[in-house]
Amino acid sequence: MVITYNKVSTSLIEKFTEIVGENSCFDSFVIRWTYGFGGTIFEKEWIPDLIVLPKTVEQISEILKLANDNKIPVTPRGSGTSLSGGSMTPYNGIVLDLAKMNNIIKIDIENNLVEIEPGVICDDLNEVLKPYSYFFPPDPGSSSVATIGGMVATNAGGIQAFKYGVTKNYVLYLEVVLPNGQILNLGADVLKSVSSYNLKDLFIGSEGTLGVITNIGLRIRPLPKTKKLGLFIFEDVDKLQDAVLEIRRKGIVPNLLEFMDKLILKAVSEYLGGEFLDFPNGYVLLAEVDGVTEREVEENFSILFDIIIQKSPLFHKIAKNEEERERLILSRKANLPALSRIRPSTCVEDCTIQITHFADVIKQIEQIPEKIHAKNLLVATICHMEGNLHPTFLFNENDKQDVKDFQTAIDYLYKKIIIPVGGSLTGEHGIGKIKTPFLELEHGSKVVDLMSKVKKLFDPKMILNPGIGKGDQRSLAKSSILRSLKNRSDNILELKCMRCGFCITTCPSRIYHMIESYSPRGRLSILNGLVHGDLELNELITDIIHTCTSCAICHTKCPAGVKTHEIFEKAREIIHKKS
Ligand SMILES: Cc1cc2nc3c(=O)[nH]c(=O)nc-3n(C[C@H](O)[C@H](O)[C@H](O)COP(=O)(O)OP(=O)(O)OC[C@H]3O[C@@H](n4cnc5c(N)ncnc54)[C@H](O)[C@@H]3O)c2cc1C
């Protein structure tokens with residue numbers, strides 16, 4: 001079935017501008033263009049019609065009502081770091097950028113509670129909580145840029161989920177706005193409540209398809225006082241699994257238990273150099289225990305250590321101090337930039353399995369390229385050991401055969417490996433604009449139908465984030481095949497930019513303007529458009545390129561080491577020569 005929506009007319013643009021003011025509503029193609037880029041997918045036809053940045057819940061209510069009355073799609077956006085194209089717009093319409101709603105409203109240590117607006121960045125919240133010795137534990141790899149609104153909408157997890165769980169374990173209450181403009185308060189600011197259906201939880205992980213999250217009450221926890229970390233390398237993945245199962249049986253709960261396969265260790269060693277080059281190659285288990293007292297941590301770590309050593313790892317290294325700990329953790333954090341150097345395109349998948357299937361599933365994933373006869377495709381797997389796998393495919397999206405092989409590999413992964421062992425299509429990244437084709441495979445048609453009914457109850461005109469299969473199977477036709485971290489060739493610019501967005505939150509001109517276009521990632525998108533002939537140099541572009549202060553903070557934050565400031569300096573020289 002074809003979905004039809006209306007375009008945003010000039011008179012409607014005026015009305016949206018009246019709601020938020022001129023500095024928060026943009027219809028210029030250059031600004032809209034930059035919102036076509038995010039953590040993954042780029043499709044030329046997916047450029048939104050209008051960018052609106054509300055500051056209050058009342059404004060959001062008015063925006064949604066107006067859009068709903070006129071059947072215009074609205075896609076909420078945090079920092080656009082979704083790895084499944086969550087905030088991309090296959091049906092165009094409005095992007096509701098929540099960056100300007102970034103206030104921490106309340107810190108209530110006695111009740112273990114914070115109340116925040118959705119645009120608050122995860123790391124910023126934890127920085128504010130640090131002096132109180134408290135923290136909000138979910139810590140996605142993107143925590144320096146991910147908004148809490150985006151984390152709630154995707155139920156984000158991170159490397160400490162084994163002990164601390166994921167975002168849903170911390171959400172006490174939500175304020176949400178429905179497409180008809182109605183403002184609802186769901187949940188309660190107490191630790192226990194069964195007085196309602198669990199409506200709040202319907203919105204956690206709903207990926208912006210049911211309502212816009214405008215206020216969030218979160219549970220917080222005391223910071224652990226001490227930690228101990230070890231890195232272990234196994235020749236045999238079965239033995240690594242045995243160690244993990246034994247750790248579980250003995251009741252030890254590491255705060256961090258992470259897996260990296262052989263290809264990743266090789267890539268990371270070459271990327272980081274130093275001592276890593278002396279490590280033998282094999283399967284890596286990073287394990288850390290935290291706690292309140294040194295004694296408790298030492299005792300638990302020693303039990304964990306003995307269990308692992310009994311499974312005969314090839315190698316182990318225990319961090320003796322914070323510096324060594326940071327370095328070992330870096331081996332995990334550097335996975336994506338290290339892998340992204342191997343092939344032009346890097347695609348991180350996300351799925352979950354029971355941990356008892358782990359070794360078998362890893363072996364099957366390793367065999368995918370051979371099974372599907374793909375010559376250039378590589379696959380490397382990272383896993384949070386609660387069973388959340390990130391098989392990462394490396395290929396060249398400019399090569400037709402590679403793209404075909406990648407698509408076959410994805411089909412193989414879900415249809416032949418993950419679903420048959422009772423796994424789930426996504427643990428933390430969401431269905432987004434990529435996984436709708438597999439939804440029925442996991443849930444069956446009755447559940448998928450029920451999801452549609454739930455969606456229609458909240459959003460009868462289906463205006464909220466169309467293109468996501470949850471509750472909207474019609475979006476199958478707009479599912480993207482490509483979703484790699486470097487989607488759209490940057491070869492001409494010789495860029496390694498993965499569009500992760502780590503650069504946006506520290507850029508002075510982005511902090512001033514609070515829109516994507518004035519961030520380093522936004523400027524690179526503009527250069528990409530100029531180089532490919534999609535954009536023409538004009539006054540606005542000249543202004544945006546010139547607002548880069550050349551401070552180079554973006555470069556220090558960039559995992560791929562892109563020298564953004566130098567690129568903009570060159571761009572400025574070219575602009576001067578032309579004018
Ligand atoms: C390098 C890298 C590492 C990552 N590591 C992890 C990881 O370890 N764990 C993990 O879970 N994820 C990870 N991610 C994915 C991503 O960062 C998270 O999903 C993050 O929570 C998204 O936050 P965001 O603010 O960028 O949201 P966006 O990407 O802008 O949006 C994500 C989804 O949420 C919806 N949304 C956003 N705000 C709202 C709102 N206020 N109301 C309703 N809907 C809303 C959007 O419509 C979209 O569907 C990683 C991404 C990158 C690039």
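In the charge counts below, Lys and Arg are positive and Asp and Glu negative, while His and the chain ends are not counted. The place of a charge is NZ of Lys, CZ of Arg, CG of Asp or CD of Glu.

The model is predicted: local features need pLDDT of at least 70, side-chain atom pairs count only at pLDDT 80 or more, and totals for chains, interfaces and linings use all residues. Residues are numbered from 1 along each chain as its sequence is written, and side-chain values use heavy atoms, with hydrogens and water left out.

**Exercise 1.** State how many positive and negative side chains the chain has, and how far apart the centres of the two sets lie.

*Solution.* Step 1: the chain has 67 positive and 71 negative side chains. Step 2: the centres of these two sets are 3 Å apart.

**Exercise 2.** Determine how many residues of strand 14 are buried and which way they point.

*Solution.* Step 1: buried means under 20% relative accessible area (1.4 Å probe, protein chains only). Strands are DSSP runs of E, at least two residues, numbered from the N terminus. Step 2: strand 14 spans residues 283–291, and 9 of its 9 residues are buried. Step 3: Y283, L285, A287, V289 and G291 point one way, whereas V284, L286, E288 and D290 point the other way.

**Exercise 3.** Identify the strands that pair with strand 14.

*Solution.* Step 1: two strands pair if DSSP finds at least two bridges between them. Step 2: strand 12 (residues 226–234) pairs with strand 14 in the antiparallel sense over 9 bridges; here K227 has D290 as its bridge partner. Step 3: strand 13 (residues 256–260) also runs antiparallel to strand 14, with 5 bridges, and L257 is partnered by A287.

Methods: Buried < 20%, exposed > 50% of the residue type's maximum accessible area, 1.4 Å probe, protein only. Helix = DSSP H or I, 4+ residues; strand = E, 2+ residues; numbered from the N terminus.
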